Amino acid sequence: MSTTRAVLDGYTRLRQQVAVMLELARAGEWDALIERQSGYLQLVDRVRQLDKDARLDHEGLQCKAELLEAILADDLAIREQLMARRSELGQLMDTSRRQRDLHRSYGKQAASVIDAAGKFDPETS
């Protein structure tokens, strides 16, 4: 296989890999996304090495540009998904921290209020 063909095949595989990663991000499959990222980064390194030595004609450059554009668009969408997930996790951590602080401050009192409420609630009796 020529270097030119190998480079374009590499970019095509990168495009396919990043499309799968985007679907995983959209589905909230974070562990699978992380597993895929390792293979993706290895493929990026291989394509980078091949790309240094390749001499692409106009058609090859056009194909490479289109693939890169699609790869970058999906990469941006993945980053947006990750930012939303980070925000969601931050909110969960804040809620957990507030609950922990309330429990530390009012733990025994809150437990006794809950126990007392259970005694007087007709649905639990």
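This passage describes the two largest pockets of a predicted model.

The largest pocket has a volume of about 260 Å³. Its lining draws on three helices: α1 (3–26), α2 (30–53) and α3 (58–120) each contribute at least two residues. The largest share comes from α2, which supplies 6 residues. The lining is made up of Val 18, Met 21, Trp 30, Leu 33, Ile 34, Gln 37, Tyr 40, Leu 41, Asp 75, Ile 78, Arg 79 and Leu 82. Sorted by class, 9 of these residues are nonpolar, 1 is polar and 2 are charged. Trp 30 and Tyr 40 are among the nonpolar lining residues. Gln 37 is the polar residue, and Asp 75 and Arg 79 are the charged ones.

The second largest pocket holds about 160 Å³ of space. Here too, α1, α2 and α3 each provide at least two lining residues. Helix α2 again gives the most, with 5 residues. Tyr 11, Leu 14, Tyr 40, Val 44, Val 47, Arg 48, Asp 51, Leu 68, Ile 71, Leu 72 and Asp 75 form this lining. By class, the second lining has 8 nonpolar and 3 charged residues, with no polar residue. Arg 48, Asp 51 and Asp 75 are the charged members.

The two linings share residues. Tyr 40 and Asp 75 appear in the lining of the largest pocket and also in that of the second largest pocket.

Conventions: Residues are numbered from 1 along each chain as its sequence is written. This is a predicted model: local features need pLDDT of at least 70, side-chain atom pairs count only at pLDDT 80 or more; totals for chains, interfaces and linings use all residues. Side-chain values use heavy atoms; hydrogens and water are left out. On a 1 Å grid over the protein atoms alone, a cavity is a set of points where a 1.4 Å probe fits but cannot get out, and a pocket is an open set with protein on both sides within 12 Å along at least five of seven lines; lining residues have an atom within 4 Å of a point. Grid points are joined across faces, edges and corners, and a volume is the space filled by probe spheres set on the points. Helices (H or I, at least four residues) and strands (E, at least two) are DSSP runs, numbered from the N terminus.
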